[in-house]
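Work through the exercises below with the coordinates open. Try each task before reading its solution.

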Amino acid sequence: MSAATTRSRTPDRLCAEAVDLARAAAEEAAAPGVVGEHAGLVSEGDRVVTHFFECKELGYRGWRWAVTVARASRAKIVTVDEAVLLPGPDAVLAPEWVPWSERLRPGDMGPGDLLPTDADDLRLEPGYTGEDEPLPNSPVSGDMAELVEAEDVEVTAGTPAHLPQTPTRGTIAAIAEELGLRRARVLSRYGLHTAADRWEEAFGPKTPMAQAAPAACVSCGFLLRIGGSLGQAFGVCANEFSPADGRVVSLAYGCGGHSEAAIMPKPPRPAPPVIDETRVDPFPLRPARDSGSVPDVTDEETAELGHS
C-alpha cells in the first residue's frame, strides 16, 4: 500500500474537527430544525472530508445531510465544498423509474390521448399497401396472364402502384380495399394470440358467468359474428341485458341472457281466501233464545208442569 493511499484514507485532522462549520452549512441549505445529530464522517481524499448529519425532514427517513469540507495544502483554514441530502444505507427510496410505455395499462387512455406504436411492435406486421410485388400465382402476375379464363378479371402488366390508373376489379388492391385490408400494418400472429388471450380471460368459458350459463354463445341469437381468423372463436354480444353487451366474447362464453334460455313460468295465483277478512261479521255476545235444541218457554208454562 502506497503512502498516498494511506493518507487519503486517513481523515485530515483539521477537516475532521470542522463539525460546526459543516453543521452551519447544512442548516443553511436545509430548513430550520431539519439537521440532526452528527452521524460520522468519511475521508474523500487528501484534506477532503465529508460530514454526515441526520435528517429530520418528514418523508426522508434514513437520509443524511452530507457536507464536504476541504483545505488547501499547508493552509489552516477549512472551507465548505458542497452540502447535499443523500440517502443512507436504510433510506426509503422511490421505486425505480419505469417508462410510460411500460406503465400504461388497458383503460388508462382518455379523450385526446395519443398512443404511438413502435416500428418494431411485435403485435403488428407489414400489411398490403399496393407497393408489394404480387405472388407468382397471383391473378395480376405475368405468369398467370395466360391462365386467366374469367371474363370479369383484368390482368395488368405490373403492380397497381406502377399503373396510371388502378383497375377497378381483379386486382389485389381492389380486393384489399373492398375487404378493408389496405393498411400499412396488420396484426401479427403474436398480436392475434395476445388479443385472444385477453378476450378469453375477460369473457371466456372459465368465467363464473359462463359456468352458470344455460348454454354457450355459439348458439345464441344475440351473437354477432366477426371476420378474420378470430371469428372462428369470438363474436360480439348484442344483448343489452347481458354483462358482455358490445364486448368481444368467446363462442364458449355464456350468460343468463341466452336467446334460447327457457322462459320462466309465471307463479300461480293464490286461491281466493275462504274467510273473507275484508268485512266484519256481527257476532252476538249471548246466544239467541231460540238457537238451542230446547224450545224457549216462559215461566208461566213451566209453572203448570210443576217446575219452578
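**Exercise 1. The open sheet**

In what order do the strands of the open sheet of three strands run, and is the pairing parallel or antiparallel?

*Solution.* The model is predicted. Start with the order, which is 7-8-9. The pairing is antiparallel. Next, find the edges. Strand 7 (223-225) and strand 9 (248-250) each pair on one side only, so they are the edge strands by the pairing found here. Then take the angle. Neighbouring strands of this sheet are turned by 50° against each other on average, with direction ignored. Finally, look at one pair in detail. Strand 7 and strand 8 run antiparallel and are joined by three bridges. Within strand 8, C237 stands opposite L223.

**Exercise 2. Strands 1 to 3**

Determine how strand 2 pairs with strand 1 and with strand 3, then decide how enclosed strand 2 is.

*Solution.* Step one: strand 1 (residues 35-45) pairs with strand 2 in the antiparallel sense, over six bridges. V42 stands opposite T50 of strand 2. Step two: inspect the connection. Strand 1 and strand 2 form a hairpin, with two residues between them. R47 sits in the turn and has a positive phi of about 60°. Step three: strand 2 and strand 3 are also antiparallel, over seven bridges. Here E54 has R64 in strand 3 as its bridge partner. Step four: count burial. Six of the eight residues of strand 2 are buried, so strand 2 is largely enclosed by the rest of the structure.

**Exercise 3. Nonpolar cores**

Which residues of the largest nonpolar core touch the most other members?

*Solution.* This core has 17 residues. A26, V35, F53, W65, V67 and V69 touch the most other members. Now assign elements. Helix 3 (19-29), strand 2 (48-55) and strand 3 each supply at least two residues of this core. Strand 3 gives the largest share, four residues. Then follow one member. Leaving out residues up to four places away in sequence, A26 touches V35, F53, W65 and V67. A second, separate core has nine residues, including F203, C237, A244 and V249. For background, nonpolar side chains in soluble globular proteins tend to be buried together.

**Exercise 4. Salt bridges**

How many salt bridges does the chain hold by the distance rule? Sort their residues into buried and exposed.

*Solution.* The rule asks for a Lys or Arg side-chain nitrogen within 4 Å of an Asp or Glu carboxyl oxygen. The count comes to two salt bridges. One joins the side chains of R71 and D12, at 2.9 Å from N to O. R71 lies in the loop between strand 3 (63-70) and strand 4 (79-87), and D12 in the loop between helix 1 (3-9) and helix 2 (13-16), so the pair ties together parts that are 59 residues apart in sequence. Check burial against the cut-off of under 20% relative accessible area. R71 has 19%, so R71 is buried. D12 has 13%, so D12 is buried. The side chains of E17 and R13 meet in a salt bridge too, at 3.6 Å from N to O. E17 and R13 are exposed.

**Exercise 5. Helix 6 and the loop after it**

Check the length of helix 6, then work out which of its residues are buried and what covers them.

*Solution.* Helix 6 covers residues 189-202, which is 14 residues. At 1.5 Å a residue, helix 6 should span 20 Å. Its end C-alpha atoms are 20 Å apart, so the expectation agrees with the model. The buried residues of helix 6 are G191, T194, A195 and A196. Their cover includes strand 6 (185-187) and strand 8 (234-237). Now move on to T207, in the loop between helix 6 and helix 7 (208-211). T207 has a relative accessible area of 12%, so T207 is buried. Setting aside residues up to four places away in sequence, T207 touches E201, A202 and Y253.

**Exercise 6. The whole chain**

How many helices and strands does the chain have, and what percentage of its residues count as buried?

*Solution.* The chain has eight helices and nine strands. Of its 308 residues, 23% count as buried. Add the contact range. Among contacts with a separation of 6 or more, 51% come from residues 24 or more positions apart.

Definitions and conventions: Residues numbered from 1 in each chain as written. Predicted model: local features only at pLDDT ≥ 70, side-chain atom pairs only at ≥ 80, totals over all residues. Heavy atoms only, no water. Expected span 1.5 Å × (residues − 1). Buried < 20%, exposed > 50% of the residue type's maximum accessible area, 1.4 Å probe, protein only. Contact = heavy atoms within 4.5 Å. Core = buried A, V, L, I, M, F, W, Y, C linked by side-chain atoms within 4.5 Å. Axes fitted to C-alpha atoms, helices over the stretch in contact; angles between N-to-C directions.
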